[in-house]
Amino acid sequence: MARQSLVALALAPVLLVAACSGGSTDSASPQDGGTLTYATGDAEPTCLDPHVGGNYPQALISTQYLEPLVGRAADGTILPWLARDWQVSDDGLTWDFTLADGVTFTDGTPFDADAVRVNIEHLQDPDTGSSTGYLAVQKVASVEAVDATHARFHLTEPDSALLESLSQQWTAIESPTGIERGTDANCAAPVGTGPFVVESWTPQQQVELVRNDDYAGLDPEADHDGAAYLDRIVWRFIPDAATRYAALRSGEVQMIDNPQPDAVKAAGQGGDITLIDAPRPGASNRIELNAAQAPFDDIRVREAFVRAADVDAGIETLFAGTVQRSSSALSSVEPDVYSDPDLFTADLDRANDLLDQAGWTERDADGYRTKDGARLTVRFPVSTNQSVAAEQSLFEQIQAGAKQAGFDVVLTPLDLSGWYAALGAHEYEAVSAPYTKVGPDVLRILYHSDGTVPAPSGYFANHAQLKDPALDDLLDRAVATADPDERADLYQQAQTIILDSYTVLPLYDQLNRFLVRDAEGVRTLNTVSTPTFLDARVLS
Amino acid sequence: MLVGVLRWLLARIGSALLVAWVVATVVFFALRAAGGDPTEAILGGPGSQAGPEAVAAARAEYGLDRPLVVQYLNQLWRVLTFDLGDSYARRMPVAELLREQLPGTFLLAVVALAFAWVLALGIATATSSARPWVGGLLRGVEVVAAVVPHFWLGAVLILLFSTTLGWFPATSAGSDPAGLVLPTVTLAVPVAGFLGQLIHDSVAEAEAAPFAVSARARGGSAIGVLWRHSLRHGVLPAVSLSGWAFGSLLSGAVVVETLFGRPGLGRLLLDATLSRDVPVVIGAVLVVALAYVVVMAIVDLIERALDPRGSTPTAVVL
């Protein structure tokens, strides 16, 4: 301890000189060291350990200090990370992982097979309160530490999505010594193998991260070996989008997330702000129609709604031309994505014909269609936490379009808790619910009939209420097969059924955009599309 | 005399207790009525897909498996015994969370209130000594200031003074003076507009009163008479409403702290409400309500000092 501070004192003049000479060169040259300030508009995590709960804000920040067993390339290929190699048995029930040798967590604990076992058990321990990671490793019965560098996963049933699940930040590997400190300490500062280390957390204000000088450099897509360039990252919580943008423009911060469409558009037109557009994997942003109850238990009424809602025009104006229309249930970054634009073209005449055929022939005084005295009403709860302002406006345009065909769309803005409560009580005919997961297995979560059975909290993922045995069979076979081609084919068939059911009205990819100024080398992982600052440098 | 003071104190303590009971009750049932399950706050937030064992364990740990009446009575008992319990989401004592966030918000509210008074008095002085058309203009400004919403004013100030001119940072934390400027102005302007109008009306009344007329007749200057005589009458209603103003500043802090990315009680309250973190919401609202009771007591004392007619002998005459 004492010796370290002496060394620091001796080095101080050298560092000062280095800093000065760095500043005197080109006005905007990348430099080593320095601090990058990132401002996030996502909710502040209540726990920095993504094993606990498991939401996107936790994935964002933990990318800086925790690493997964495997990574993923842009084309969907699984890449080695903390695990260097893997093999699956013929019955798909045993996975053997060969682990990187000589890696230590930032608290000095060695990374080994036993650490992997402890992490999976941590995810599965009810006391951890894991939601996302717990689901991802649900089919893992146990992990056996064969020796220091070999971990054997025993599964209860085959899981073709296992590697994709393990690539997610919610199943990233933490120091067993860190976990042993208990939830409170581990939530405050989880310990990993990543390029940065959590130094301090000032709630509502910021988390400070410092460079891990001993970083092993296992990130498969790193553009340089060894430790990060930056000395530290200040991770600030600034909930208001306009304020974040103002802070970026005034130089208070170098990077922001969740920018508004006009800021994205401005960045696309040149200037010193650059845009990183990294759609999230898993599902697209889409409206789902509840097929379990009237009026959407009739496919003609569902198609009428889809045809009446003029989505394209709304997206173009409200998002200032910065967003691409989707016609898929999956995100465009998923290699197995299947699109069918013809299903979703606007056609008011067809909508009216379909509603006439379905028996919604009368109109009431307000111009809404009725059948047996009941109005053609669509309850549409809107999550004000998840739907940005432009998206809420888009729903209003859809409401106006659907009215022309005679639909009475009732938009109800709700906070996240109230929104989930409304869904849990089936008080909706239409809803837009984002879902992020690496790989096409998200289709099983969202559209398998199992997804209509509520979790203990009351949550269920299958908002379309699809209960189709043929679809269930395709999704079950896709998750069980070890053959990648067969898997891709099965997911294509599944997506055809889903889109043809008209329970899904795709809008666009889940927006995940970042603006950067006075920094370079920031890239996003191809797993859950979170940014990493390993290669980042600030421009002086 | 002592009896008077004691009675005064007892009344204040009584009202504090009443406020505490009302807050705990209203918040507890309002959060239930808003829908959503507080258990999810413990398990990563709304929409949690945690397994059955995890849900059961969380409910048992925080007593959420007990009947609602029992939970309510437990909550009341804790409030009465000054135990605010643990946050569901943050898994730490509510008292600690409040201690972290209280100073920043109180600093902001106190500075904003002081600044509002400076603005209001400044405008009142300027109006009474200015030409009629300037006075009319300033009155118009007061009316607009009193109704301008915080989120709009704050956004305009950021655009002007941060993005365009670069004088002040758009975001602020702690007691950094430069960062405190824009949030303070945002909070203070509507209150200043309101106080200004009040001061105005009652100063006008006082200026027309015989004592002011005779003071001017004795040769006092307009501003001298205003400050020595009329204002003392004129500020009384504004002082009475400063307690209310302080309360409105604390509630305005929810918007202003979110807008300027400033840590504080307001943001804590907002986040806790969204995640149905019942103990934190009750704790935060309780603190605000009790602060309001205390400020009202202080206002009461100041009023007695300014207007000795209704005062107890303990009051200090200015």
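This is a short tour of a predicted model, with stops at a sheet in chain A, the contact between chains A and B, and a helix pair in chain B.

Start with the sheet. Select β5, β6, β8 and β7 of chain A, in that order: these four strands form an open sheet with antiparallel pairing. At the edges lie β5 (83–88) and β7 (140–147) of chain A, each of which pairs on one side only. From one strand to the next, the twist averages 20 degrees.

Next, show β6 (residues 94–99) and β8 (residues 150–155) of chain A, two antiparallel strands joined by five bridges. Pick Trp95(A) and you will find its bridge partner, Phe153(A), in β8(A). Now add helix α3 (residues 113–124) of chain A, which packs on the sheet and touches β6, β7 and β8 of chain A. The direction of α3 makes about 165 degrees with that of β7(A).

Move to where the chains meet. Here 42 residues of chain A are in contact with 47 residues of chain B. On the chain A side, select α14 (416–424), one of the elements that give two or more residues; α14(A) supplies the largest share, six residues. Colour that side by residue class to see 19 nonpolar, 16 polar and seven charged residues.

Finish in chain B with helices α7 (residues 150–164) and α8 (residues 177–207), which pack at an angle of about 145 degrees with their axes 9 Å apart. The crossing of α7(B) and α8(B) is right-handed. Among the contact residues are Leu153(B) and Phe161(B) of α7(B), and Leu182(B) and Val185(B) of α8(B). The residues of this contact comprise eight nonpolar, three polar and no charged.

Conventions
Residues numbered from 1 in each chain as written. Chains lettered and ligands numbered in written order. Predicted model: local features only at pLDDT ≥ 70, side-chain atom pairs only at ≥ 80, totals over all residues. Contact = placed C-beta atoms within 7 Å. Nonpolar A, V, L, I, M, F, W, Y, C, P; charged D, E, K, R; others polar. Axes fitted to C-alpha atoms, helices over the stretch in contact; angles between N-to-C directions. Left-handed = near helix turned anticlockwise from the far one by under 90°. Pairing = 2+ DSSP bridges.
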